[in-house]
Amino acid sequence: MRRFLFLFPVCLLAGFALLEAYPVAFAVAKFTSSLVTISGALIHLFGGRALVDGVILASPEGFAVRVENGCNAVNVTILLWSAILVYPAPWLQKLKGLAAGTLILHAINLLRIISLYYLGRYNRSWFEFAHLYLWESLIVVDTLVIFWGWALVVRRSVFRQNAATG
Amino acid sequence: MPQPDRPQLRFLARVSVAFAACLALWWLLLVGPLLEWVRFSTAVLLDAAGGFRTETAVIVQGGGVWMIQAPVPAAPDAARLGAGVRFRSLKLQLEQWIPTLQTVSLPLFWALILAAPRGRGWWRTLLFGTAILLVFPPVSLLVYAAHAVQRTLYPHAAAPLRGLLDFADYVCGTALPYIAPVATAVALHPQFRVMVLGSEEPDAGTESRKRRSPVGTRTID
């Protein structure tokens, strides 16, 4: 566990530093606009109306949200990846955890973007509160719970494996 | 059929309830005193760095706009004009949500500790963690101010310095307020740490198997 506690912050900071590199920043910008496109498509799918323009999700009434770094869940993805990568587990389990955890995290983040879009249309004060203080904290807790769930699965599978091999 | 044991989901339910309560307490009662702490501690740090008076280094103006008097090195000929002039200042305005955001780590940390198993001395963890998290906001505001000074006065500063300030401002402004409470809770609360990361003590009965295994063999929920 000491190894984890030492390597995790190193890996986390390295991940954040990578975001400053131009190719990564470019890829993140593309990813962010795809998140907005998916959010707009989901809103349409459920009968709502939203206009998508790059990283901006706008309502026909004039309210618009601009999805930026911090709202695209890239920081919590780096948090989750750092934790999974430095946790002592077989590589196959790590890959499964990275894939499943990232999917769950971004599904939650789409819910965040869409809920903030609707909240902002009806109440700007609540939008600001939910955007700045509530959702970001909740998504970090969700990241912790996703990692914990994965680590538990890893520990139980190793326990079963060890019990089976005697 | 037995239900699968999912301690992490029970924890999520507990922490959500605790966070709602702590966030309400923070927003309705504590945000004012906490902002005063951020203002005062940032002013003391600026006082130490730039020789400004603590009373004027950070001022909260009408409408909740903050004004930070950031020290910048005096021009080379300033020494000729007035003896001992080392700094001039750049006045930066920032909206109140920026320092407020720096204090949201506290209700999140309290919720995590309240939702975690409460062994003996849990309140000491609560107090110690709170004290640690109170150190971050003034440091983060100084990083924000340094980044603003660099972008305003020194846009062509050396690339490593620009990169470092971009990175530090991103970490302090976007990641630290949310990640620091989780990291602090895991670091300070041994039972919570064991719950999330697994046991750190070797299990004597399974020691030989553990040597072959990449993870601990005890399952602790």
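**Chain B: its partner, its helices and its confidence**

In this predicted model, 32 residues of chain B are in contact with 32 residues of chain A (C-beta atoms, placed from the backbone, within 7 Å). Residue numbers start from 1 along each chain as its sequence is written, and chains are lettered from A in the order in which they are written. Local features need pLDDT of at least 70, side-chain atom pairs count only at pLDDT 80 or more, and totals for chains, interfaces and linings use all residues.

**Where chain B touches chain A**
- Helices α1 (7–50), α4 (97–103), α7 and α8 (190–197) of chain B each supply at least two residues (helices are DSSP runs of H or I, at least four residues, numbered from the N terminus).
- With 10 residues, α7(B) gives the most to this side of chain B.
- The chain B side splits into 20 nonpolar, nine polar and three charged residues (Ala, Val, Leu, Ile, Met, Phe, Trp, Tyr, Cys and Pro are nonpolar; Asp, Glu, Lys and Arg charged; the others, Gly among them, polar).

**A helix pair in chain B**
- Helix α6 (122–153) and helix α7 (159–188) of chain B have axes that come within 9 Å and cross at roughly 170 degrees (axes are lines fitted to C-alpha atoms over the stretch in contact, with angles from 0 to 180 degrees between N-to-C directions).
- So α6(B) is roughly antiparallel to α7(B) (over 145 degrees).

**How far to trust it**
- Chain B averages a pLDDT of 82, and 79% of the residues score at least 70 (pLDDT is the predictor's confidence in each residue, from 0 to 100).
- The model scores ipTM 0.91 and pTM 0.87.

Key. Angles under 35 degrees count as roughly parallel, over 145 as roughly antiparallel, 65 to 115 as roughly perpendicular and the rest as oblique. Two residues are in contact if their C-beta atoms, placed from the backbone, lie within 7 Å.
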